[in-house]
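Let's walk through this one together, one question at a time. Have the sequence and the model open beside you as we go.

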Amino acid sequence: MQKYRIFALAALATILLPLAVGFAQEKKDDDDDDKPAAKVTTATEKVTRASKDVPELILGSAKDTFAVNRKDFELVSGQGYRWNITSAAGLEYKFVTDLFRNVWMNQIVIHDLEVHMNGAPAWLEFDSEGTIQVQFTAVRPGSYTWSVPDLADKGMKGTITIK
């Protein structure tokens with residue numbers, strides 16, 4: 001009978017402990033000053049239960065098919081993210097990153113159609129203009145690369161750092 005009580009106590013602790021941690025994470029401001037909290041966009045950012053938006057990556061533009069709007073991204077381990085990757089030029093782009101093998105993939109969304117998978121995609125391919133949204137949770141700290149392999153020498157490459 002004693003073994004069953006210990007088992008029941010362990011099961012109850014397993015259920016209640018994550019709830020207590022979740023409540024602690026939802027607290028927005030724990031200091032007593034009246035100053036508005038500054039928006040932090042670096043790796044010192046607290047992990048929340050809600051997914052956050054990664055700044056959009058735009059491949060190409062109407063004026064320059066090899067342009068990118070941003071090369072480097074910084075994420076926080078344990079945080080969920082939504083990342084819009086957009087092709088803004090008529091060129092075909094093959095977007096490759098080792099990040100996808102080092103995160104927990106949730107889904108890929110294209111025109112409100114969702115793709116759920118048991119693993120990471122090898123690459124994202126844009127045959128025309130459009131946006132693909134990748135939803136994931138960063139789980140493995142490190143530095144990862146992204147590129148359009150055949151156009152990396154033209155500047156279509158960058159890094160993604162998970163801290």
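Q: Which side chain makes a polar contact with the side chain of Q135, and at what distance?
A: A note before we start: this is a predicted model. Q135 has its place in strand β8, which covers residues 130–138. Its side chain makes a polar contact with another side chain at 2.6 Å, and the partner is Q133.

Q: Is Q135 buried or exposed?
A: Buried means under 20% relative accessible area. Q135 has a relative accessible area of 13%, so Q135 is buried.

Q: Which residues does Q135 touch, not counting those up to four places away in sequence?
A: Strand β8 is where Q135 sits. Leaving out residues up to four places away in sequence, Q135 touches Y81, R82, M105, N106, Q107 and V109.

Q: How many salt bridges does a search of the whole structure find?
A: Side chains of opposite charge can pair when their charged atoms come close. One pair here is D53 with R82, at 2.8 Å from N to O. Another is E74 with K163, whose closest N and O atoms are 3.9 Å apart. The search of the whole structure finds two.

Q: Why does the salt bridge between D53 and R82 tie together parts that are apart in sequence, and how many residues apart are they?
A: The side chains of D53 and R82 meet in a salt bridge. D53 lies in strand β1 (residues 52–59) while R82 lies in strand β3 (residues 80–87), so the parts that the pair ties together are apart in sequence by 29 residues.

Q: Which class of accessibility does R82 fall into?
A: Its salt-bridge partner D53 counts as exposed, at 55% relative accessibility. The partly exposed class lies between 20% and 50%. R82 has 27% relative accessibility, so R82 counts as partly exposed.

Q: Where is K163, the salt-bridge partner of E74?
A: E74 forms a salt bridge with K163. The pair links distant parts of the chain, 89 residues apart, with E74 in strand β2 (residues 72–75) and K163 in the segment after β10 (157–162).

Q: Which strands stand at the edges of the open sheet?
A: The sheet has five strands with mixed pairing, in the order β1-β3-β8-β5-β6. Each edge strand has a single partner strand, so one side of each is left without a neighbour in the sheet; the edge strands are β1 and β6 (113–115).

Q: What is the average twist from one strand to the next in that sheet?
A: The sheet in question is the open one of five strands. From one strand to the next, its twist averages 20 degrees.

Q: Which residue in β3 is the bridge partner of D53?
A: β1 and β3 run parallel and are joined by six bridges. D53 also has a salt bridge through its side chain, to R82. In β3, the bridge partner of D53 is likewise R82.

Q: Which side chains of β4 point to one face and are buried?
A: The side chains alternate along strand β4 (residues 93–97). K94 and V96 point to one face and are not buried, while the buried ones on the other face are Y93, F95 and T97.

Q: Which residue in β9 is the bridge partner of T97?
A: β4 pairs with strand β7 (residues 124–126) in the antiparallel sense over three bridges, and there K94 stands opposite E125. β4 also pairs with strand β9 (residues 142–147) in the antiparallel sense, over two bridges. In β9, the bridge partner of T97 is W146.

Notes
Residues numbered from 1 in each chain as written. Predicted model: local features only at pLDDT ≥ 70, side-chain atom pairs only at ≥ 80, totals over all residues. Heavy atoms only, no water. Salt bridge = Lys/Arg side-chain N within 4 Å of Asp/Glu carboxyl O. Helix = DSSP H or I, 4+ residues; strand = E, 2+ residues; numbered from the N terminus. Buried < 20%, exposed > 50% of the residue type's maximum accessible area, 1.4 Å probe, protein only. Pairing = 2+ DSSP bridges. Axes fitted to C-alpha atoms, helices over the stretch in contact; angles between N-to-C directions. Polar contact = N/O pair within 3.5 Å; in protein donor to acceptor, adjacent residues only side chain to side chain. Contact = heavy atoms within 4.5 Å.
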